[in-house]
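Trainee: I have a protein model open and I'd like to learn how to read it. Can we pick a spot and work outward from there?

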Amino acid sequence: MPKLASYYLPGLYVEDHAVDVPLDWRGHEPAQLAADGLPDSERIQLFYRTVCTPENVGRDLPFLVFLQGGPGGAGPRPLSPTSDGWIEEATRHFRVVLPDQRGTGRSSHVSRHALEARGDARSQAEFLKRFLAPSIVRDFEYLRLTEFAGRPWTTLGQSYGGWLTLTYLSFYPAGIAASLTCGAIPHLPASADEVYAHTFPRMAAKTRAYYERYPEDAERVAAVADRLAAGDVRLPDGSPLTPRRLQQLGQGLGMKPAPERLHNLFDTAFEAGAGTLAAAGAKPQLTDGFLMGALQSLTTAGDPLYWVLQELIYADGTLEQPIRWSAAREYASRPEFSADARPLMLVAEACLPWMFEDDPLLVPFKPTMDLLMEDTKFDRLYDPARLAANEVPLQAAVYFDDAYVDSGLQLDTLSRMPHTHAWVTNEFEHDGLHGSAVFKRLFEEAKNRGDLERALRS
């Protein structure tokens, strides 16, 4: 398909493209459709960008495709090579492909508006199941075959991108010359319950570390929670701000500089400023700035699929038991996470059912989510036998203190996959890739080992 646009950013040359792909890949294979054409069934658009440095325009470079984190996240929008640290180093060696995964960004977008057009809740549930890893990976393999002359490419997976990496290696390993991942290896067999059993203790530890770093914030967060418990507090979009919703402000605590951002947010929470929080017996007044800052942290306007798909990424084939709000069960089992407990514990990457009651942008998804949480029929995510015989070089950055993806579980999966190498470090948080060091280290280690020979030759 002809490119939609081409232009220069400071230090980068960019081309925008889009291709049609089938909404439902069941019964089809990318190679078949690349050869025979798309079926007459419903199609959606897959948008992607390619970026390189200006001096490399027109050069025949190998390709690196970025597997975005999330789920439900659009590809990066670089402002320059240094605006997302890994891109500067990657464009020294590759033409970088930045897809918007189906349902996100400029690909056919999924939000409450798209959902309403799909009919009843059961039809909506079946629609949403088409936006998980098996469909995403087939999109990318079809893209490789049709738009990149079938040349094997290198994959770079950040966070959920590691889930996509293992799905890709399970079903289309011939399409990959080498893989790099960052904080991103799922444990196999997949289990949401296992993940949250590890995640909640780390969230408690991250919250306590935040309060230890800024001791006054434990009191201020508790005071805000007490005020919210009294009721009648609404965010600028009109939705309620409750203690349990306040806990969701911990979403970024596994990244840098999240403690500082939280400190600055709560620093100006009260109209009373540096003085007493409130007169005796009075309800303290929260500032408009704090409420707007909370909304900006909590809004799902940009990525509603992040929460809709959050627990479904562990649904691998036919399940023995439905997922049934796994994070909510773990949350309820830990008294320290009660919204009434003080100090207030903050939560991250936990999809909780009341989010679909409190957030007006998620409310339309609630009937469908209730069905999906009871569903047991999903597409297969992984082929354990294929992964156990893996021949594609995989270099993984495993963050020892990762708040979201347990390092021990990552290493267990890697120990059962040949041709994999782990760089274990506690120097970075979950978002370490976005600095300048992590990609360079992965690239150099893989190159020095000879694992990138095929990638750089392709």
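Mentor: Sure, let's begin with one residue and its contacts. Setting aside residues up to four places away in sequence, L156 touches L64, V65, F66, L67, W86, L180, C182, L433 and F439. Keep in mind that this is a predicted model.

Trainee: Where does L156 sit, and is it buried or exposed?

Mentor: L156 belongs to strand β6, which covers residues 153-158. To call a residue buried, we ask for under 20% relative accessible area. L156 has 0% relative accessibility, so it counts as buried.

Trainee: How do I compare distance along the chain with distance in space?

Mentor: Take two residues and look at both values. L156 and A178 are 22 residues apart along the chain, and their C-alpha atoms are separated by 8.9 Å. Another pair is V424 and V398: they are 26 residues apart in sequence, with 4.7 Å from C-alpha to C-alpha.

Trainee: What else can you tell me about V424, and which residues does V424 touch?

Mentor: V424 is in strand β9, residues 420-425. Its contacts, not counting residues up to four places away in sequence, are V398, F400 and L411. The relative accessible area of V424 is 39%, so this residue is partly exposed.

Trainee: Which pairs are 42 Å and 47 Å apart in space?

Mentor: D370 and A149 are 42 Å apart, C-alpha to C-alpha, with their positions 221 residues apart in sequence. A197 and D60 are 47 Å apart by the same kind of C-alpha reading, and 137 residues apart in sequence. D370 is in helix α15, residues 366-372, and is partly exposed with a relative accessible area of 32%. A197 lies in helix α7 and is partly exposed as well, at 33%. Leaving aside neighbours within four places in sequence, A197 is in contact with E330 and R334.

Trainee: How do I read contacts for the whole chain?

Mentor: Ask how far apart the partners are in sequence. Among contacts in the protein chain with a separation of 6 or more, 77% are between residues 24 or more positions apart.

Trainee: And what about the nonpolar core? Which residues touch the most other members of the largest one?

Mentor: The largest nonpolar core has 88 residues, and L128, W153, L352, F356 and M369 touch the most other members. Let's look at F356. Not counting residues up to four places away in sequence, F356 touches W307, V308, W325, C351, L362, V363, F365, K366 and M369. There is also a second, separate core of 29 residues, and A225, L265, L286 and F290 are included in it.

Trainee: How much of the chain is buried?

Mentor: Of its 458 residues, 59% count as buried. On the outside, the protein chain exposes about 18,000 Å², with carbon and sulfur atoms supplying 51% of that area.

Trainee: How would I judge the overall shape?

Mentor: Start with the radius of gyration. A compact globule with 458 residues would have a value near 23 Å, and the protein chain has 23 Å, which agrees. The C-alpha trace spans about 75 × 50 × 45 Å along its principal axes. As for the parts, the chain holds 19 helices and 9 strands.

Trainee: How do the charges fit in?

Mentor: You can compare where the two kinds are placed on average. There are 45 positive and 61 negative charges, and their mean positions are 2 Å apart.

Trainee: What should I look for in the backbone?

Mentor: Most residues other than glycine have a negative phi, and most peptide bonds are trans. So we look for the exceptions. One is the cis peptide bond joining L188 and P189, with omega about 0°; P189 is in the loop between β7 (176-182) and α7 (192-213). The bond from R342 to P343 is also cis, with omega near 0°, and P343 is in the loop between α13 (326-332) and α14 (355-358).

Trainee: Which residues have a positive phi without being glycine?

Mentor: R324 is one of them, with a phi of about 55°. R324 is found in the loop between α12 (304-308) and α13, and is partly exposed at 38% relative accessible area. H419 has a phi near 65°. H419 sits in the loop between α17 (407-415) and β9 and counts as partly exposed, at 46% relative accessibility.

Key
Residues numbered from 1 in each chain as written. Predicted model: local features only at pLDDT ≥ 70, side-chain atom pairs only at ≥ 80, totals over all residues. Heavy atoms only, no water. Helix = DSSP H or I, 4+ residues; strand = E, 2+ residues; numbered from the N terminus. Rg over C-alpha atoms; globule rule 2.2 N^0.38 Å. Buried < 20%, exposed > 50% of the residue type's maximum accessible area, 1.4 Å probe, protein only. Contact = heavy atoms within 4.5 Å. Areas by Shrake-Rupley, 256 points an atom, 1.4 Å probe, with all protein chains shown as cover. Lys, Arg positive; Asp, Glu negative; His and termini not counted. Charge placed at Lys NZ, Arg CZ, Asp CG, Glu CD. Core = buried A, V, L, I, M, F, W, Y, C linked by side-chain atoms within 4.5 Å.
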